[in-house]
Amino acid sequence: MRFAVFQSRPVEHRPALTGRFVRPWTLPVVLLLLLSLVPAARADVGATIIERCTHGQSLSGFSQQDYRRALQELPAEVEEYSDCANLIRRAQLAAAGGGSGGGAGGEGAAPLALTPAERAALARVPHTAAVPQRVGGDIVQPGVVHADVSSALSTLPTPLLAMLAFLLAWVLAIAANSIRNRVRSRRAR
């Protein structure tokens, strides 16, 4: 009975990952990979509509599907602190009815006057700064946002995270190859 014994080639006969052939190709390959990620990182139509609304630009010229998508993607902060949801709905109605509305700013969004009851309620709102509150044993300062690294990474776009992961893997591979070559050269002495 015979057994096959696999032997690795000696170090000097193995092609190295670094050398005169691989190094010139490293930069072009990395640049091509980065350029392939660029189209995926561009903003979609819903984000474009939201951006135009927050900057007071015209919202006309989009399809019904685009307006629906913008309403679905509308961040809570924008919906709470601006009139973008109403402006997008008006632009959607104008596009559905063939009207010329749908602008932002002065084009299609006329502000409504407050009723006397609303003015009285607004006058009763205290104008003092909010005091810290105790919630679950912790003191919470209103208006202060505590952020950590995980929340910062979770808000990055997926293509950017993929590119960062690729670059990290590339740096680790180059470092591992360099360490391996140094160990081999010391053993060969």
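Is Arg90 buried, exposed or partly exposed? I will come back to that residue once its surroundings are in place, and I should say at the outset that what you see above is a predicted model, so please take each value I quote as computed from that model.

Let me start with the overall layout. The chain contains eight helices and two strands, and, read from the N terminus, the order of its elements is α-α-α-α-α-α-β-β-α-α. The chain has 189 residues, of which 13% count as buried. If we take the contacts between residues at least 6 apart in sequence, 47% of them join residues that are at least 24 apart.

I would like to concentrate on helices 2, 3 and 5, beginning with the pair formed by helix 3, which covers residues 64–73, and helix 5, which covers residues 84–97. Their axes come within 10 Å of each other and cross at roughly 165°. Since angles over 145 degrees count as roughly antiparallel, helix 3 and helix 5 are therefore roughly antiparallel to each other, and the crossing of helix 3 past helix 5 is left-handed. On the helix 3 side, the residues that take part are Gln64, Tyr67, Arg68, Ala70 and Leu71, and they meet Ala85, Ile88, Arg89, Ala91, Gln92, Ala95 and Ala96 on the helix 5 side. Sorted by class, this contact comprises eight nonpolar, two polar and two charged residues.

Within that contact, Gln92 deserves a moment of its own. Gln92 belongs to helix 5, and because its relative accessible area is 15%, it counts as buried. Once its neighbours within four places in sequence are set aside, Gln92 is in contact with Gln64, Tyr67, Arg68 and Leu71.

Now to the residue I opened with. Arg90 also lies in helix 5, and with a relative accessibility of 33% it is partly exposed. Its C-alpha atom is 9.9 Å from that of Tyr67, the two residues being 23 places apart in sequence.

Turning to helix 2, which covers residues 45–54, we find that it packs against helix 3 at an angle of about 75°, with the two axes 8 Å apart. That angle makes helix 2 roughly perpendicular to helix 3. The residues of helix 2 in this contact are Val45, Gly46, Ala47, Ile49 and Ile50, and their partners in helix 3 are Asp66, Tyr67, Arg69, Ala70 and Glu73. By class, the contact of helix 2 with helix 3 divides into six nonpolar residues, one polar residue and three charged residues. Tyr67 and Ala70 appear in the contact with helix 2, and they are also listed in the contact with helix 5.

What, finally, connects helix 2 with helix 5? The model has one disulfide, and it is formed by Cys53 and Cys84, whose sulfur atoms are 2.3 Å apart. Cys53 lies in helix 2 and Cys84 in helix 5, so this pair ties together parts of the chain that are 31 residues apart in sequence. The torsion about the S-S bond is about -115°, so the disulfide is left-handed. Both ends of the bridge lie under the 20% cut-off for burial: Cys53 is buried, at 6% relative accessibility, and Cys84 is buried as well, at 2%.

To draw this together, helix 3 runs roughly antiparallel to helix 5, helix 2 lies roughly perpendicular to helix 3, and the disulfide between Cys53 and Cys84 joins helix 2 to helix 5.

Technical notes: Residues numbered from 1 in each chain as written. Predicted model: local features only at pLDDT ≥ 70, side-chain atom pairs only at ≥ 80, totals over all residues. Heavy atoms only, no water. Axes fitted to C-alpha atoms, helices over the stretch in contact; angles between N-to-C directions. Helix = DSSP H or I, 4+ residues; strand = E, 2+ residues; numbered from the N terminus. Parallel < 35°, antiparallel > 145°, perpendicular 65-115°, else oblique. Left-handed = near helix turned anticlockwise from the far one by under 90°. Contact = heavy atoms within 4.5 Å. Nonpolar A, V, L, I, M, F, W, Y, C, P; charged D, E, K, R; others polar. Disulfide = S-S within 2.5 Å. Buried < 20%, exposed > 50% of the residue type's maximum accessible area, 1.4 Å probe, protein only.
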